[in-house]
Amino acid sequence: MTESQQEWAAKGIDITVPSIARAYDVVLNGTDNFAVDRAFVAELVKIVPEIYDVATYNREALKRGVEYLISQGVRQFIDLGSGLPTVRNTHEVAQAADPGARVVYVDNDPMVKVHGREILAASPGTAVVSGDLRDPAAVLASPEVTGLIDFTEPVAIMLIGILHHLHDDEDPQGIVDAYMAAVPAGSHLFITSFCASSPEARAAEQQFLAILGTGRFRTEAEITAWFAGHGLVEPGVVPNPLWRPAGPVDETALTVGQKLMYGGIARKG
């Protein structure tokens, strides 16, 4: 092990294998990543040349979604599997509209813990939980959540680009349901996920599974099923660029990259 590897290992970070959070940082042109993460993304580019654009589409959808939630009176956000703080973060979008908005980020990547807390230290109304979203009870009971979130008021449960990293046997539906059971009526569920929308998407799935061990590209119907029991808002579950776009988008000419991730928002009645 090199000296650099030892230094990062002391912080709980293995720089010899790619991580989900750091790979996402790569495609967002961030700096909190390592050669192994960039190599993984380089392999993805061979299959989906637009992969950097896909990350941008997802970030733009996050911005539009958070702005919509603010317009619906939601002022509390639990961003699960949030990854590293980059640009157009949930708290930045929400607090630009309402400085009193509160955001808790949850991620199990130690890099997020190291850098996230430093970045957010000067941001009132925000917190980072170093925890596993697959354990809703522990996440919801964490002092960061209980100290910032009022569960008598509407909460946005956000799973942006993360449920595709859960295998079927990890019960993503049960996890979604557990979080939504903890929040009151008027709360919202916001999901984006990789979709098995093309042969290229299927090939990308194999690359994710081979290198990261995660990355399930599900059908539109499977993604839509996660919202069961809640009222989907228009336009429903659609490719990210079609979710309430800021300008016109030609639905008949979507590229592989534009269709790689689908998303939607639903309201708990």
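This briefing describes selected helices, aromatic rings and one buried glutamine in the structure above. The model is predicted. Helix α2 spans residues 20-27 and is mostly covered, and its axis comes within 8 Å of that of helix α4. Elsewhere, a search of the whole structure finds six aromatic pairs, and Gln95 in helix α5 is buried.

**Helix α2 and its surroundings**

- Six of the eight residues of α2 are buried.
- The buried residues of this helix are Ala21, Arg22, Ala23, Asp25, Val26 and Val27.
- After α2 comes Asn29, which has a positive phi, near 60°.

**The contact between α2 and α4**

- Helix α4 covers residues 51-71, and its axis crosses that of α2 at roughly 100°. Because angles of 65 to 115 degrees count as roughly perpendicular, α2 is described as roughly perpendicular to α4.
- On the α2 side, the residues that meet α4 are Tyr24, Val26 and Val27. On the α4 side, the residues met are Ile51, Tyr52, Ala55, Asn58 and Arg59.
- By class, this contact comprises six nonpolar residues, one polar residue and one charged residue.
- Val26 and Val27 are buried and also take part in the contact with α4.

**Aromatic rings**

- The whole structure holds six aromatic pairs. In one pair, Phe40 and Phe208, the ring centres lie 5.3 Å apart and the planes stand at 85°, so the arrangement is edge-to-face.
- This pair links distant parts of the chain, since Phe40 belongs to helix α3 (residues 35-47) and Phe208 to helix α10 (residues 199-211). The two residues are 168 residues apart.
- Phe40 and Phe208 are both buried.
- Phe40 and Phe208 also belong to one aromatic cluster, together with Phe194 and Phe217.

**A charge over a ring**

- Arg244 places its charged end over the ring of Trp243, at 5.3 Å from the ring centre.

**Gln95 in helix α5**

- Gln95 is a residue of helix α5, which runs over residues 90-97.
- The relative accessible area of Gln95 is 17%; because buried means under 20%, Gln95 counts as buried.
- With neighbours within four places in sequence left aside, Gln95 is in contact with Ala101, Pro124, Gly125 and Thr126.

Terms used:
Residues are numbered from 1 along each chain as its sequence is written. This is a predicted model: local features need pLDDT of at least 70, side-chain atom pairs count only at pLDDT 80 or more; totals for chains, interfaces and linings use all residues. Side-chain values use heavy atoms; hydrogens and water are left out. Buried means under 20% relative accessible area, exposed over 50%, partly exposed in between (1.4 Å probe, protein chains only). Helices (H or I, at least four residues) and strands (E, at least two) are DSSP runs, numbered from the N terminus. Axes are lines fitted to C-alpha atoms, for helices over the stretch in contact, and angles run from 0 to 180 degrees between N-to-C directions. Angles under 35 degrees count as roughly parallel, over 145 as roughly antiparallel, 65 to 115 as roughly perpendicular and the rest as oblique. Contact means heavy atoms within 4.5 Å. Ala, Val, Leu, Ile, Met, Phe, Trp, Tyr, Cys and Pro count as nonpolar, Asp, Glu, Lys and Arg as charged, and the others, Gly among them, as polar. Rings of Phe, Tyr and Trp (its six-membered ring) pair if their centres lie within 6.5 Å; planes under 30 degrees apart count as stacked, over 60 as edge-to-face and the rest as tilted. A charge sits over a ring if NZ of Lys or CZ of Arg is within 6 Å of the ring centre and within 35 degrees of the ring normal.
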